[in-house]
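Let's walk through how two chains come together, one question at a time. Have a look at the structure first.

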Protein chains: 2
Amino acid sequence: MDLAVSLEQRLEETADRITVALDTLVPRVQGPEARLMSAMRYAALGGGKRLRPFLVLETGRLFGVDERCLLRVAAALECVHTYSLIHDDLPCMDDDDMRRGRPSVHIAYDEATAILAGDALLTLAFEILADPQTHTDPSIRIQVVARLAEAAGARGMVGGQMMDMIAEKLGDDIAAVTRMQRLKTGMLFTFAVEVGALMGRASEDARHALSAYAHDLGLAFQITDDILDAEGSVELVGKAVGKDRHKGKASFVSLLGLAGAKQRVKLLADQAHAHLALFGARAHYLNTIIDTIIERKS
Amino acid sequence: MDLAVSLEQRLEETADRITVALDTLVPRVQGPEARLMSAMRYAALGGGKRLRPFLVLETGRLFGVDERCLLRVAAALECVHTYSLIHDDLPCMDDDDMRRGRPSVHIAYDEATAILAGDALLTLAFEILADPQTHTDPSIRIQVVARLAEAAGARGMVGGQMMDMIAEKLGDDIAAVTRMQRLKTGMLFTFAVEVGALMGRASEDARHALSAYAHDLGLAFQITDDILDAEGSVELVGKAVGKDRHKGKASFVSLLGLAGAKQRVKLLADQAHAHLALFGARAHYLNTIIDTIIERKS
């Protein structure tokens, strides 16, 4: 590992490779249904931090997993993440006109196309994972499918989104808000961090360490989101902010206060670092990403 | 096979068993996100002809596949079919307030819940298929996942729905309308008919015969839909009808005329019967379902 490469360069390199992979994997724009593929590509190739793919690649490398396989899994995960953003932005959901500094899919296209593009990206994720190119061993591939489906479904991400829709009703229940975030964003984070260990047949110890890392990192990410939402401005984060607060939704900031939320993030970051001790210098970028995530401004 | 059992009884028995299977497989209604599960169950357990599950079971039985495995695959397929109906009924899509004689999900709940319930049912389909209970051999399971993802995605059902959204623009191009229907409904029909052969490791000959049967049956089903749409009444089919015609969308009836469309259905039914010759009396119900499909009134 060339430690002379900064995390920023490494993130950029990963983002570029994921975009190239998605460019190959998302269907070409053609036929009378071209509008669908165009919307899928607009959303999937339109940038983003590519944080989840980064985690897939960095953890998979710890166990010597073939980079081409990791890229496919990372691209599939990004398809799921992208679909969730498209549906989340719809008028009947969060009603966000902007995403990643550009018009949301339902603004750039229309609502029907946005719904279908989301549906197609979710389906594509499983098509990518099921392909023999993703891993030579079908029993590994099917486990990856099972884990992604579990993390993304009613008892995972979509369940968390449903809780988020009624977050006003969660009141001041910190356990409920924590569970909501664990479902909404935590489970895909956990998938991102654990899938490389699964593909590389990592030891039990390594898996446990990564699971704990994923848990703390995901929660730190989400609390930071709430802090940015409370403090941020529309210029910096490229989407409408301050909405949660105005809608009276429960958040970590409303429950812990700004100082308390920041303290919690610091604690989680320390824990996340500790979990990586097992991997030594090989986990260099997994360590540095923690600080980048909690110190980010958008 | 007890030929004394009428097709009607056999269909009813299958429908009941699928409902029982879905009742087990769709998550319980609990937690703050209970509304999501409630909407999923409302849609998935709310009846319907269960035609696709019937095809999965009948074809799978030809090759001696374990019934419990077939039921799981049939339930997964019905999850995909149900999700497509939920999203299709949304105001920005077909805007149908009624489905299967009851309020559509976005009417009984709300639009956001309908979108999430559809997303969760699609995801659940893959979770069901990936589970070891679906087939002991992981290489068979992963092939089933791959086929369903292909049939349901941008180059399958969702692509067909996109074409349908812009069907006015297809004009009088019979090839384009045929392709739209092939994508929109044909590919899931084909999956339903072929998956049992895959799971039962059927011969090449048997697979080819079933593929041809699926193609003709799916098209006959869809042309009959267009005929019912042109002729039908809201009382009989339990959803708003005559909409396609009024919107000036291309359909088989607009392209072939009513008599021409009926003639085409008859031809396809004859072909479908012929493809089953290979299986003799064992294909009794697969034969009789053809006539039920083309003579249905809703």
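The questions below concern a predicted model, and they go from the interface to the salt bridges.

Q: How are chain A and chain B related, as by which kind of axis?
A: Chain A superposes on chain B with an RMSD of 0.0 Å, after a rotation of 180° and 0.0 Å of shift along its axis. The two copies are thus related as by a two-fold rotation axis.

Q: What percentage of the interface residues of chain A are also interface residues in chain B?
A: On each side of the contact there are 46 residues, 46 from chain A and 46 from chain B. The copies meet through the same surface, because the share of chain A interface residues that are also interface residues in chain B is 100%.

Q: Which residues of chain A lose the most area to chain B?
A: Between them, the two chains bury about 4100 Å², with 77% of it on carbon and sulfur atoms. On the chain A side, 16% of what is buried comes from three residues together, and these are A:Leu116, A:Ile142 and A:Met162.

Q: Which element gives the largest share of the side of chain A that touches chain B?
A: Across this interface, 6 residue pairs are in polar contact. Elements of chain A giving two or more residues to the touching side include α2 (34-44), α4 (67-88) and α9 (174-199). By class, that side has 30 nonpolar, 7 polar and 9 charged residues. The largest share, 12 residues, comes from α6(A).

Q: Where in chain B does B:Arg155, the partner of A:Glu127, lie?
A: The rule finds 4 salt bridges across the interface. In one between A:Glu127 and B:Arg155, the closest N and O atoms are 3.4 Å apart. The pair joins two chains, because A:Glu127 lies in helix α6 of chain A and B:Arg155 in the loop between α7 (138-152) and α8 (157-165) of chain B.

Q: How many residues apart are A:Glu13 and A:Arg17?
A: Their side chains meet in a salt bridge (4.0 Å, N to O), and both residues belong to a network of salt bridges that also includes A:Arg10 and A:Glu67. A:Glu13 and A:Arg17 both lie in helix α1 (residues 7-25) of chain A, about one turn of the helix and so many residues apart: 4.

Q: How far apart in sequence are the parts that B:Arg17 and B:Glu67 tie together?
A: The side chains of B:Arg17 and B:Glu67 meet in a salt bridge (3.0 Å, N to O). B:Arg17 lies in helix α1 of chain B and B:Glu67 in helix α4 of chain B, so the parts they tie together are apart in sequence by 50 residues.

Conventions:
Residues are numbered from 1 along each chain as its sequence is written. Chains are lettered from A and ligands numbered from 1 in the order in which they are written. This is a predicted model: local features need pLDDT of at least 70, side-chain atom pairs count only at pLDDT 80 or more; totals for chains, interfaces and linings use all residues. Side-chain values use heavy atoms; hydrogens and water are left out. Contact means heavy atoms within 4.5 Å. Buried area is the accessible area (1.4 Å probe) that two parts lose on being put together, summed over both. A polar contact is a pair of N or O atoms within 3.5 Å; within protein, one must be able to donate a hydrogen and the other to accept it, and residues adjacent in sequence count only if both atoms are side-chain atoms. Ala, Val, Leu, Ile, Met, Phe, Trp, Tyr, Cys and Pro count as nonpolar, Asp, Glu, Lys and Arg as charged, and the others, Gly among them, as polar. Copies are superposed by least squares on the C-alpha atoms of residues with pLDDT of at least 70 in both.
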